[in-house]
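This report describes one protein chain, going from its overall make-up to a pocket, a charged side chain and a helix.

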Amino acid sequence: MSQSALRIAGIVLLAVSLAACGGRKERPKVDLAASQVTTIGVNAYLWRAALETLGFMPIAETDSNGGVIVTDWYANPQSPNERVKVSVMILDKDLRADAVKVSAQRQELQGAGWVDAPVRAGTVQKLEETILAKARDLRRAAFVG
């Protein structure tokens, strides 16, 4: 190869290298883990937050693909004459306020048996808010760490 052919080949190689490095700006990566999860059927932050929130209660059933957590009856040691059972449904793969639904049952001990009683006002809403707050904290921690 001639000297000029080598020079041209070097210039072309340099131009191609530079074009590959910075000619086109890459778009920022989207945090798919925060909005959609592939390893389980629902948002991982909401799922983990729900399990942590209900961690003091005995868990009767979980289905991570369907997004369902059901606790067994739990009686607070300070109120042994009442017990509560909670169900959580994660409804979406996105971390959104309407992606978590909590329902609760409450019973009181009367005589020799348990009788259904109304759930205290705000209990379900407070559980949903706690789960959402924990999920957001988990998401923030994932970006910091």
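## Chain, pocket and two local sites

Of the 145 residues in the chain, 23% are buried. The model is predicted. Its accessible surface comes to about 9900 Å², and carbon and sulfur atoms account for 55% of that area.

Four helices and five strands make up the secondary structure of the chain. Read from the N terminus, the order of the elements is α-α-α-β-β-β-β-β-α. Contacts between residues at least 6 apart in sequence include 45% that join residues at least 24 apart.

The largest pocket holds about 300 Å³ of space. The elements that each give two or more residues to its lining are strand E3, strand E4 and helix H4. Strand E3 supplies the largest share, four residues. In total 17 residues line the largest pocket, and those lying nearest its centre are Phe56, Tyr74, Glu82, Val84 and Thr123. By class, the lining divides as follows.

| Class of lining residue, largest pocket | Number of residues |
|---|---|
| Nonpolar | nine residues |
| Polar | four residues |
| Charged | four residues |

Arg106 belongs to strand E4. Is this arginine buried or exposed? Arg106 has a relative accessibility of 9%, and the cut-off for buried is under 20%, so Arg106 counts as buried. Its side chain makes a polar contact with the side chain of Glu108, at 2.7 Å. Leaving aside residues up to four places away in sequence, Arg106 touches Trp73, Glu82, Arg83 and Val84, as well as Val115, Asp116, Ala117, Pro118, Val119 and Arg120. Two residues in this list, Glu82 and Val84, are also among those nearest the centre of the largest pocket.

Helix H3 covers residues 44-53. Which residues of this helix are buried? They are Tyr45, Leu46, Trp47, Ala49, Ala50 and Thr53. At the start of H3, the backbone nitrogen of Tyr45 has a side-chain oxygen of Asn43 within 2.9 Å. Tyr45 is thus named twice here, once as a buried residue of H3 and once through its backbone nitrogen.

Terms used:
Residues numbered from 1 in each chain as written. Predicted model: local features only at pLDDT ≥ 70, side-chain atom pairs only at ≥ 80, totals over all residues. Heavy atoms only, no water. 1 Å grid on protein atoms, 1.4 Å probe; cavity = no way out; pocket = protein on both sides within 12 Å on 5 of 7 lines; lining within 4 Å. Points joined across faces, edges and corners; volume = space filled by probe spheres on them. Nonpolar A, V, L, I, M, F, W, Y, C, P; charged D, E, K, R; others polar. Buried < 20%, exposed > 50% of the residue type's maximum accessible area, 1.4 Å probe, protein only. Contact = heavy atoms within 4.5 Å. Areas by Shrake-Rupley, 256 points an atom, 1.4 Å probe, with all protein chains shown as cover. Polar contact = N/O pair within 3.5 Å; in protein donor to acceptor, adjacent residues only side chain to side chain.
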